[in-house]
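The exercises below are meant to be worked through with the structure in view. Try each task before reading the solution that follows it.

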Amino acid sequence: MARSQRRVPANVAGDNPHWIATAGDWVYEAPGESHTLIAYECDEPMRVTFNVTGPLIWLDENGEPNGTFDVFDYIALVRDHYAKNGIGADYIDQLMR
C-alpha cells in the first residue's frame, strides 16, 4: 500500500478523490485542504491524473508540515529520468522558456 498525506495551498483537480474511488471519479481540492492518498495493491495499477497548480506540502503523522514538493522537484525528476533513458538531462530545457 502506498500512502501520502499532504496539504494543497493551490487548486488541484484529479480523478481519484480521497474517498474510495472507482473508474471515472473526479475530485476538486480547494486550497488549504489536507488529505491522505492511499493506493491499495491490486492486479490493475492505479492510474490517476492530477492537475496541480502549486506546491504540495507533505505532512507528518500529526498533520504538521515536514516538506514540500514543487515544480523544481518535478523538473529534477524529469532530468534524472531523461538522463537514465539516454535522452539527455538537458532535453527538458527545450520544453521551457
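**Exercise 1. The chain as a whole**

Task: Find what share of the contacts between residues at least 6 apart in sequence joins residues at least 24 apart, and then describe the order of the elements along the protein chain.

Solution: In this predicted model, 48% of the contacts in the protein chain between residues at least 6 apart in sequence join residues at least 24 apart. The next step is to list the elements, and here the protein chain has one helix and seven strands. Read from the N terminus on, these elements run β-β-β-β-β-β-β-α. Turning to the surface, the protein chain exposes about 7,100 Å², and carbon and sulfur atoms supply 54% of that area. Of the 97 residues of the protein chain, 23% count as buried.

**Exercise 2. Charged partners**

Task: Decide how many salt bridges the protein chain holds, and work out where the partners of Arg79 and Asp80 lie.

Solution: The count comes to two salt bridges. One of them joins Arg79 to Asp93, with the closest N and O atoms 2.8 Å apart. This pair links distant parts of the chain, since Arg79 belongs to helix H1 while Asp93 lies in the segment after H1, 14 residues apart. Arg79 counts as partly exposed because its relative accessibility is 28%, and Asp93 is likewise described as partly exposed, with a relative accessible area of 37%.

The salt bridge of Asp80 is formed with Lys84, and the closest N and O atoms of this pair are 3.1 Å apart. Asp80 and Lys84 both lie in helix H1, four residues apart, which is about one turn of the helix. At 39% relative accessibility Asp80 counts as partly exposed, whereas Lys84 is exposed, with a relative accessible area of 65%.

**Exercise 3. Aromatic rings**

Task: Establish how many aromatic pairs there are, and explain why the pair of Phe69 and Tyr74 is classed as it is.

Solution: The count comes to three aromatic pairs. For Phe69 and Tyr74, the ring centres are 4.7 Å apart and the planes stand at 90 degrees, so this pair is edge-to-face. Looking at how covered each partner is, Phe69 is buried because its relative accessible area is 18%, while Tyr74 counts as partly exposed at 36% relative accessibility.

Another edge-to-face pair is formed by Tyr82 and Tyr91, whose centres are 5.7 Å apart and whose planes make an angle of 65 degrees. Tyr82 counts as buried at 17% relative accessibility, and Tyr91 is partly exposed, with a relative accessible area of 33%. As a last step, one aromatic cluster can be picked out, formed by Trp58, Phe69 and Tyr74.

**Exercise 4. A nonpolar patch**

Task: Identify which residues make the nonpolar surface patch that includes Leu95, and decide whether Leu95 is buried or exposed.

Solution: The patch is made by Ile87, Tyr91, Leu95 and Met96, and it covers about 360 Å². Leu95 itself is found in the segment after helix H1, the helix that spans 71–84. Its relative accessibility is 53%, and because exposed means over 50%, Leu95 counts as exposed. Tyr91, another member of the patch, is partly exposed at 33%, and residues with over 30% relative accessible area can be part of a patch.

Notes:
Residues are numbered from 1 along each chain as its sequence is written. This is a predicted model: local features need pLDDT of at least 70, side-chain atom pairs count only at pLDDT 80 or more; totals for chains, interfaces and linings use all residues. Side-chain values use heavy atoms; hydrogens and water are left out. Patches are made of residues with over 30% relative accessible area and no salt bridge: like charges are joined within 9 Å, nonpolar side chains (Val, Leu, Ile, Met, Phe, Trp, Tyr) within 5 Å. Accessible areas come from the Shrake-Rupley method with a 1.4 Å probe; for residues, only the protein chains shown count as cover. A salt bridge is a side-chain nitrogen of Lys or Arg within 4 Å of a carboxyl oxygen of Asp or Glu. Helices (H or I, at least four residues) and strands (E, at least two) are DSSP runs, numbered from the N terminus. Buried means under 20% relative accessible area, exposed over 50%, partly exposed in between (1.4 Å probe, protein chains only). Rings of Phe, Tyr and Trp (its six-membered ring) pair if their centres lie within 6.5 Å; planes under 30 degrees apart count as stacked, over 60 as edge-to-face and the rest as tilted. Contact means heavy atoms within 4.5 Å.
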